[in-house]
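Let's take a walk through this structure together, starting with the empty spaces and ending with the strands. Keep the sequence and the 3D view open as you read.

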Amino acid sequence: MSKVALKLENVHKIYRVTKEISVHALRGVNLEVKEEEIIVLMGPSGSGKSTLLQIVGTLDKPTKGRVIIGGIDVTDWNEKRLAYVRREKIGFVFQFFNLLTNLTAEENVMFPLLLSGKYNDEEARKKARLILSIVGLPEDRWRNIPRKLSGGQQQMVAIARAVANNPTYILADEPTGNLDVDSSTRFLEVVSWLNYIAGQTMIIVTHNPEVSRIAHRVLYIRDGILYQKAPKRFINVKAVRRTGEEKRRKELYKRLLDVEISSLRRRYTIGLIDTEEFQERKEEIENQMEKVMEK
């Protein structure tokens, strides 16, 4: 039976904006992740998924509750001890890559290897090149700085850097958010393969349902509450469309289109647009209005 790799117990996170205003980002989250498991955590923007990942990764501390990594409660550890955990045990992959802009792809992967003190320059370079090859970055890109790499290529470097020190855990925050379809597919293939080969425990937070294809388990979060199954308001779009909120949105959009048509007529009357442009845009607005008026 697989051991528990990561555990959160009744975790709350409250951000104090002012003395009077606070944001309750996480509400009593309980989570167990098994060794070698890929967990995909899905939720909309502002749901608390990134906050949860930061707490699991010891980048932030809970307001209440316990964080247990590898069977050890690290909740009250000081920053020096937590920094060691992050350096030795955890690999991070971010949506915006967070590569060091003045270092080449190869040097970005070498950096954590050299920082660990486990590798000399030659060893770090050899390992970096091998990992870059594994994740699929072409050799002629290894000496390019990040701004000379595509988004997909930068994410390859980010993955390579994350796994460079053989971490026990990989935490990825919206890793496909800035990638095209082909790059996203490659990312998922690489992550799945690395999990199979290296047995790393992975938590991936995303709003992209495609990412769930590689998951052993999919969890959902909304308003800081963790769900084992998607809550109805998370997935039942048709039901949402029948609510009063949908009626309100339609009325607002109708008013928006009224403004659009009024502006269009004014610009046509004073000669800012020609007849062809006026008719084309008018037809677009009318088509939208028909959809708004549908029951």
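A cavity, on a 1 Å grid over the protein atoms alone, is a set of points where a 1.4 Å probe fits but cannot get out, while a pocket is an open set with protein on both sides within 12 Å along at least five of seven lines; lining residues have an atom within 4 Å of a point. Grid points are joined across faces, edges and corners, and a volume is the space filled by probe spheres set on the points. What you are looking at is a predicted model, in which local features need pLDDT of at least 70 and side-chain atom pairs count only at pLDDT 80 or more, while totals for chains, interfaces and linings use all residues. Residues are numbered from 1 along each chain as its sequence is written, and side-chain values use heavy atoms, with hydrogens and water left out.

With that in hand, three cavities of 30 Å³ or more turn up in a search of the whole structure. The largest cavity measures about 70 Å³ in volume. Its lining is made by Val 93, Ile 159, Ala 162, Val 163, Ile 170, Ala 172, Phe 187, Val 191, Leu 194, Met 202 and Ile 204. Helices and strands here are DSSP runs (H or I, at least four residues, for helices; E, at least two, for strands), numbered from the N terminus. At least two lining residues come from each of helix H5 (151-163), strand E7 (169-173), helix H6 (181-198) and strand E8 (201-206). In the class scheme used here, Ala, Val, Leu, Ile, Met, Phe, Trp, Tyr, Cys and Pro count as nonpolar, Asp, Glu, Lys and Arg as charged, and the others, Gly among them, as polar. The lining of the largest cavity holds 11 nonpolar residues, with no polar and no charged ones.

The second largest cavity has a volume of about 60 Å³. Around it you will find Val 135, Gly 152, Gln 155, Met 156, Ile 159, Leu 179, Ser 183, Arg 186, Phe 187 and Val 190. H5 and H6 are the elements that give two or more residues to this lining. Its classes come to six nonpolar, three polar and one charged residues.

One of these lining residues, Gln 155, is worth a closer look. Gln 155 sits in helix H5. Is Gln 155 buried or exposed? Its relative accessibility is 1%, so Gln 155 counts as buried; buried means under 20% relative accessible area, exposed over 50%, and partly exposed in between (1.4 Å probe, protein chains only). Leaving out neighbours within four places in sequence, Gln 155 is in contact (heavy atoms within 4.5 Å) with Val 93, Phe 94, Gln 95, Phe 97, Pro 175, Leu 179 and Phe 187.

Now for the open space. The largest pocket has a volume of about 470 Å³. Of its 19 lining residues, Arg 86, Arg 87, Ile 90, Phe 92 and Pro 112 are the closest to its centre. Helix H2 (79-89), E6, H3 and H5 each contribute at least two residues to the lining, which counts 12 nonpolar, four polar and three charged residues.

Helix H3 (residues 105-116) also holds Asn 108. Asn 108 counts as buried because its relative accessibility is 1%. The side chain of Asn 108 reaches the backbone nitrogen of Leu 100 at 2.8 Å. Beyond residues up to four places away in sequence, Asn 108 touches Leu 99, Leu 100, Leu 103, Pro 146, Val 157 and Arg 161. Leu 103, in the loop between strand E6 (90-94) and H3, touches Asn 108, Phe 111, Asn 144, Ile 145 and Pro 146 on the same counting rule. Leu 103 and Pro 146 are 43 residues apart in sequence, with their C-alpha atoms 7.7 Å apart.

Finally, turn to the strands, where two of them pair if DSSP finds at least two bridges between them. Four strands form an open sheet in the order E2-E1-E4-E5, with antiparallel pairing. Strand E2 (22-34) and E5 stand at the edges with a single partner strand each, so one side of each has no neighbour in the sheet. Five bridges join strand E1 (residues 4-16) to strand E4 (residues 64-69); across them, His 12 stands opposite Lys 64 and Glu 9 has Arg 66 as its bridge partner. E4 pairs with strand E5 (residues 72-73) over two bridges, and Ile 69 is partnered by Ile 72. In the hairpin of E4 and E5, with two residues between the strands, Gly 70 takes a positive phi near 60°.

Conventions:
Polar contact = N/O pair within 3.5 Å; in protein donor to acceptor, adjacent residues only side chain to side chain.
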